[in-house]
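Let's walk through this structure together, from the overall outline down to single residues. Keep the 3D view open and turn it as you read.

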Amino acid sequence: MGPDECADQFIRTFGKRAFRRPLTAAEVDRFAALFAWGNTDYDLSTGIQLVIQAMLQSPHFLYRVELGMPDPVQPGVVALSPFEMASRLSYLIWASMPDDELLEAAEAGRLGTPEEIRDQAARMLEDPRARAAAADFHRQWLELKNIGTMIKDP
């Protein structure tokens with residue numbers, strides 16, 4: 001496999017993890033052009049570094065972009081796409097990005113019904129990351145880091 005094919009595979013794989021969804025054809029082309037410039041003018045390593053830097057500075061990495069999908073039955077209602085639902089679940093339960101199993105469920109369209117979402121949520125709640133995220137939420141909410149210095153109101 002040549003450098004361009006390796007870069008294409010890297011762009012698609014890393015991009016899917018970073019953006020929490022598959023990249024569009026236009027995005028793949030843009031990152032491939034960036035890689036080609038870095039690889040041609042400098043070297044392979046620089047080309048890959050430029051792609052990583054560009055992806056990690058993208059709003060699609062920094063923010064959870066939710067554009068949704070129009071509902072054909074109810075105009076004005078916008079349902080979350082399967083990948084958006086996967087991100088919502090993972091950040092709610094784990095405070096982190098979706099794992100491979102959740103991304104595969106989104107890609108297969110298995111996050112469209114309440115039962116499918118419930119099944120994934122139940123699986124995720126069994127993971128130790130769920131306990132850590134819930135503990136962190138309560139620690140922040142109740143300001144437990146300050147408990148040692150708090151004075152009881154008489």
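What radius of gyration does the chain have, and what would a compact globule of 154 residues have? The chain has 20 Å, whereas the globule would come out near 15 Å. Bear in mind that this is a predicted model. Along the principal axes, the C-alpha atoms fill a box of roughly 70 × 50 × 30 Å.

Next, the secondary structure. You will find 8 helices and 2 strands in the chain, and reading along the sequence gives the pattern α-α-α-α-β-β-α-α-α-α. Of the 154 residues, 27% are buried. If you take the contacts between residues at least 6 apart in sequence, 47% of them join residues at least 24 apart.

The surface is worth a moment too. The chain exposes about 10,400 Å², and carbon and sulfur atoms supply 59% of that area. As for charge, there are 16 positive and 23 negative side chains, and the centres of these two sets lie 7 Å apart.

Now zoom in on helix α6, which spans residues 100-107. Its buried residues include Leu102, Leu103, Ala105 and Ala106. Why do these four sit on the same side of α6? The reason is that they cover an arc of only 160° around the axis. A general point about helices helps here: an α-helix has 3.6 residues a turn, so residues three or four places apart point the same way. The buried residues of α6 pack against three other helices, namely α1 (3-19), α5 (82-93) and α7 (114-125). After α6 comes glycine 109, with a positive phi near 75°.

Helix α7 offers a view of this packing from the other side. Glutamine 120 is located in α7. Is glutamine 120 buried or exposed? Its relative accessible area is 10%, so glutamine 120 is buried. Leaving aside residues up to four places away in sequence, glutamine 120 touches Leu89, Glu101, Leu102, Ala105 and Leu111. Two of these names, Leu102 and Ala105, also belong to the buried residues of α6.

For another buried residue, go to helix α3 (residues 44-57), where leucine 50 lies. Leucine 50 counts as buried because its relative accessibility is 19%, and the cut-off for buried is under 20%. Again leaving out residues up to four places away in sequence, leucine 50 is in touch with Leu34, Trp37 and Gly38. To get a feeling for distance, try the pair of leucine 50 and arginine 129: these residues are 79 apart along the chain, and their C-alpha atoms are separated by 31 Å.

Finally, have a look at the backbone. Most residues other than glycine have a negative phi, and most peptide bonds are trans. Arginine 20 has a positive phi, near 60°, without being a glycine. You will find arginine 20 in the loop between α1 and α2 (25-41), and with 5% relative accessibility it counts as buried. Glutamate 143, also not a glycine, has a positive phi of about 50°. Glutamate 143 lies in the segment after α8 (128-141), and with a relative accessible area of 45% it is partly exposed.

How values were computed. Residues numbered from 1 in each chain as written. Predicted model: local features only at pLDDT ≥ 70, side-chain atom pairs only at ≥ 80, totals over all residues. Heavy atoms only, no water. Rg over C-alpha atoms; globule rule 2.2 N^0.38 Å. Buried < 20%, exposed > 50% of the residue type's maximum accessible area, 1.4 Å probe, protein only. Contact = heavy atoms within 4.5 Å. Areas by Shrake-Rupley, 256 points an atom, 1.4 Å probe, with all protein chains shown as cover. Lys, Arg positive; Asp, Glu negative; His and termini not counted. Charge placed at Lys NZ, Arg CZ, Asp CG, Glu CD. Arc of directions from axis to C-beta.
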